[in-house]
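Dear colleague,

I am passing on the structure below, together with some notes for someone who has not seen it before. Please have the sequence and the model open side by side as you read.

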Amino acid sequence: MDVVSDAISAVHLGHPSSHRVRAAGAWSARSEPYDGAACYVVLSGGCRLLPDGGAPVQLGAGDAVLLPHGTGHVITGTAAGPAGPRDAAVPFARWLATAEPATGPVRPGSGDGGTELLCGTYWLDCSGLHPLLRELPDVVHLPARVGGHPELRAAIDLLAGELDTRRPGSCAALPPLLDLLLVYLVRAWLTEATGDRWPRALGDPVTAAALRALHADPAAPWSTERLAREAGVSRATLTRRFTALVGRPPMGYLTWWRLILAATRLRDTTDTLATVARHVGYGSPYALSHAFAREFGTTPGRYRVRAAERATTLARPRPEPGSGHPR
């Protein structure tokens, strides 16, 4: 596994949801804050995104936008005034129920003044959010550009075509395509935000080599010396570059990542604590339990119970994220 894949897998919950809709005239939909990420892709027409506490973002045909931290927002086709669309916005689930489902080929030149959107939602366990994901801004806007991020454009085209439940196999194809879209959106941000900490960390050959090694085998008996050999530098060079770019020294990062992996296995499996400890590189369940409580403020057993309760809640029929589900 690589850092981006691991970071997303560690917090991903359940199946993502997706819709392809058309809207015309004056329309505004409100999504409340929630534990997850949302994305929109404008297939045709245009609209505006009004994030809570942020500047409006004008979206045109081909634009993609990711809200990785569940920021409350309004998506609107209403053109004027910063306050009007917010005041007129209806809950997202209600708007979705009245919007026209869109199927078939995209109609970019229809000229009817309408907007066609892909809407995607991902539920996340934000208690173990990787710093790479935490560094993402509240709104990641990726304007359409000829030749820009071709894999993202290909995923969008595939997803738009599959959002028609009459197509055989569409229910099986949609979840992995949505997961792929999330990966490509994050990857596109890494390409664009070259000055931020994690894009620089993954672009630095020494730090990237060390991260790849730790993520490939986190349970190995790593030491700074062994990791430095893996990266092909001295211990001092590794520690200096890794700490400057990642924000903590290599062994500190490894300890934190092992605990995130332990939390993920407690949430997603029925493994015993001893099995979890062995899987993530702890010598005993007691050692893992002590470190886990220090990091998460609770015992592994209580964490597992709370995770199971949350999974049960998410499995029930529910409104769309942002329409009232608590953070």
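The notes below go through the sheets, then a salt bridge, and then the cavities.

Please keep in mind throughout that this is a predicted model.

I began with the open sheet of 6 strands, in which the order is β9-β1-β10-β3-β6-β11 and the pairing is antiparallel. Its edges are formed by β9 (100–101) and β11 (140–142), each of which has a single partner strand, so one side of each is left without a neighbour in the sheet. Within this sheet, β3 (residues 36–44) and β10 (residues 115–124) run antiparallel and are joined by 8 bridges, and if you would like a place to look at this pairing, Tyr40 stands opposite Cys119 in β10. Helix α1 packs on the sheet, where it touches β1 (12–23) and β10, and the direction of α1 makes about 95° with that of β1.

There is also an open sheet of 5 strands, ordered β5-β4-β7-β2-β8, and here the pairing is mixed. At its edges stand β5 (57–60) and β8 (90–91), and each has a single partner strand, so that one side of each is left without a neighbour in the sheet. Strand β2 (residues 28–31) pairs with β8 in the parallel sense over 2 bridges, with Arg30 standing opposite Pro91 in β8.

Turning to charged side chains, the structure holds 9 salt bridges. One of them links Arg22 with Glu116, whose closest N and O atoms are 3.4 Å apart. Because Arg22 lies in strand β1 and Glu116 in strand β10, this pair ties together parts that are 94 residues apart in sequence.

Finally, I looked at the enclosed space, where the count comes to 3 cavities of 30 Å³ or more, the largest having a volume of about 90 Å³. Which residues line the largest cavity? They are Ile8, Val11, Ala37, Pro68, His69, Leu124, Leu129, Leu133, Leu136, Leu182 and Val186. The elements that give two or more residues to this lining are α1 (3–11) and α6 (170–192), so you will meet here again the helix that packs on the sheet of β1 and β10. By residue type, the lining of the largest cavity divides into 10 nonpolar, 1 polar and no charged residues.

With best wishes

Technical notes:
Residues are numbered from 1 along each chain as its sequence is written. This is a predicted model: local features need pLDDT of at least 70, side-chain atom pairs count only at pLDDT 80 or more; totals for chains, interfaces and linings use all residues. Side-chain values use heavy atoms; hydrogens and water are left out. On a 1 Å grid over the protein atoms alone, a cavity is a set of points where a 1.4 Å probe fits but cannot get out, and a pocket is an open set with protein on both sides within 12 Å along at least five of seven lines; lining residues have an atom within 4 Å of a point. Grid points are joined across faces, edges and corners, and a volume is the space filled by probe spheres set on the points. Helices (H or I, at least four residues) and strands (E, at least two) are DSSP runs, numbered from the N terminus. Ala, Val, Leu, Ile, Met, Phe, Trp, Tyr, Cys and Pro count as nonpolar, Asp, Glu, Lys and Arg as charged, and the others, Gly among them, as polar. Two strands pair if DSSP finds at least two bridges between them. Contact means heavy atoms within 4.5 Å. Axes are lines fitted to C-alpha atoms, for helices over the stretch in contact, and angles run from 0 to 180 degrees between N-to-C directions. A salt bridge is a side-chain nitrogen of Lys or Arg within 4 Å of a carboxyl oxygen of Asp or Glu.
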